[in-house]
Amino acid sequence: STTTLSAMLAPLMVQKNDTTALPWSSIRLDKLTVKNFGFAFDNRLPADRDTAVAPHVDWKNLRLEDINLSARNIHYTAEALDLRVDRVSFREQGGLDLQNLESDIRLDGEGLTFDGLEYDDTWSQLHADRFRLGFNDFTDFNDLLEKVSVDLSVLESRLDMRTLYYYTGAEALAKADLGLLLDGTVSGPFSDLRTDLLRIQSPSKDTRLTFKGRVQGISNINTARIDLQIFDGITRTADIASMLDQMGMGINTRSIRKIAPGEPISLKGSINGRLSGLKADLDVKTASMGSAQVDAHLAKNGKHMQVEGSATSQNLDLGRLLSQPSLGTLTADATLAFDNTGGKTRINLTPARIDHFTFRGYDYHGIVAEAKMVGDNITADIHSTDPNLQMNLHGDIDVNNRTKERRYRIGMDLDTVDLSALNFDKREGVTASMSLDADITQTARGDLLGEATIRSLRGQ
């Protein structure tokens, strides 16, 4: 039992008038070698002893097999146990296969300290200047998340979420198989971890973040909270989607992968809130697609992610961002709501004040727009005071590229338009004004089929 284990490691001091105490105050061993050893203890209640083996360590029912240990300079006193472990390996019934651990180790009344730690369990490979687990008694491991603290200084290491789940049993990590490269410091109880500076890198190395922050309550994904201040970061949308998939959060990430494919995106700002509903205040920049300041709320709804908030863009290349070659750059203030519930992407834009927007090579100014996109359909209301396009328009447009056909349903009051200036007509000085109601389909060949009613047409 853990009580027996604690007693075994208690100080071996001779007590006055205690005839059962061991007759020495310290033990020294130059070297200790253990081969193919087994160890088990069971501190469960009788009613719990028929339960299935958990897929993570059960600190009340610990069973180790194939223990191999090589240690030296062992010194056991009333105050502490000190030793140098050159190598230790074992297999645990919950699934961990520890390939190697080497370190200078100290066990005292305040916890367990590893100096110069090298750790490898096939999932994670850790290199740490110092790793300390703070606890009062080994029974504290029965409630590891609340009663055990950590102080870690890690150097260019790989930490897999499966290792964290194995040791903590945290529900939020149950389906995760994501590995991250780490460099920095982490401290605090497992239920309330903090870092003043931590650098992380995704397995693909496409995502790199330097930040400080705090993670609370990882035992429950619905109440877990993060507070991060990102000093410097870079990522790609495909890598974000891949990491969300590997975290096992059950989010449909197909629409994320379609945004700015392959483009490096730099990030600065903050992310705060529960994992089930985050608030992001980020400065987002790309090398060749422009930039945006984003203030957004993110919420997980079943298998889908919902986003709403505001964004201000500077020279944002919508054509490349959305893989629509006819679109160009955009500078605008906008309030944006987004979700992909039921597998359909939905975007609400209310309202957008557009300083400039490029389409077919012309730079539009003075536009206010409200728009909604559901799947492959866009509904928009546009008011333009651009000198070459003065109009009010309501449009319903099907932009399904898979069918190679597009349907346009448009109601428009056009005060004036210069088709030459807007690059719709190669002839010089082609202008018009009119009212239009149209329902037109553009075929894969580019032909226009449908009906249009034109009133008050004037042109030259």
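Trainee: Why is the 3.4 Å pair between the side chains of Arg84 and Asp86 called a polar contact?

Mentor: A polar contact is a pair of N or O atoms within 3.5 Å; within protein, one must be able to donate a hydrogen and the other to accept it, and residues adjacent in sequence count only if both atoms are side-chain atoms. The Arg84 and Asp86 side chains are joined at 3.4 Å, so the pair fits the limit.

Trainee: Where do these values come from?

Mentor: This is a predicted model: local features need pLDDT of at least 70, side-chain atom pairs need pLDDT 80 or more, and totals for chains, interfaces and linings use all residues. Residues are numbered from 1 along each chain as its sequence is written, and side-chain values use heavy atoms, without hydrogens and water.

Trainee: What makes Arg84 buried rather than exposed?

Mentor: Its relative accessible area is 17%. Buried means under 20%, exposed over 50%, partly exposed in between (1.4 Å probe, protein chains only), so Arg84 is buried.

Trainee: Which residues does Arg84 touch, beyond those up to four places away in sequence?

Mentor: Ser70, Ala71, Arg72, Asn73, Glu102, Ser103 and Asp104. Contact here means heavy atoms within 4.5 Å. Asp104 is 20 residues from Arg84 along the chain, yet their C-alpha atoms are separated by 4.5 Å.

Trainee: How do you know that β3 and β4 pair?

Mentor: Arg84 is found in β3. That strand covers residues 80-92, and β4 covers residues 97-108. Strands are DSSP runs of E, at least two residues, and helices are runs of H or I, at least four, numbered from the N terminus. Pairing takes at least two bridges found by DSSP; β3 and β4 have nine, so they pair, in the antiparallel sense. Leu83 stands opposite Ile105 in β4. The two strands form a hairpin with four residues between them, and Gly95 in the turn has a positive phi of about 130°.

Trainee: What makes β4 and β5 a pair?

Mentor: Eight bridges, again antiparallel, with β5 at residues 111-120. At least two are needed, so β4 and β5 pair too. Ile105 has Phe114 as its bridge partner in β5. This hairpin has two residues between its strands.

Trainee: Why is Thr195 called buried?

Mentor: Thr195 lies in β9, residues 192-201. Its relative accessibility is 8%, below the cut-off, so it counts as buried.

Trainee: Which backbone atoms lie by polar atoms of the Thr195 side chain?

Mentor: The backbone oxygen of Thr185 lies at 2.5 Å. The backbone nitrogen of Leu197 lies at 3.2 Å. Leaving aside neighbours within four places in sequence, Thr195 is in contact with Thr185, Phe211, Lys212 and Gly213.
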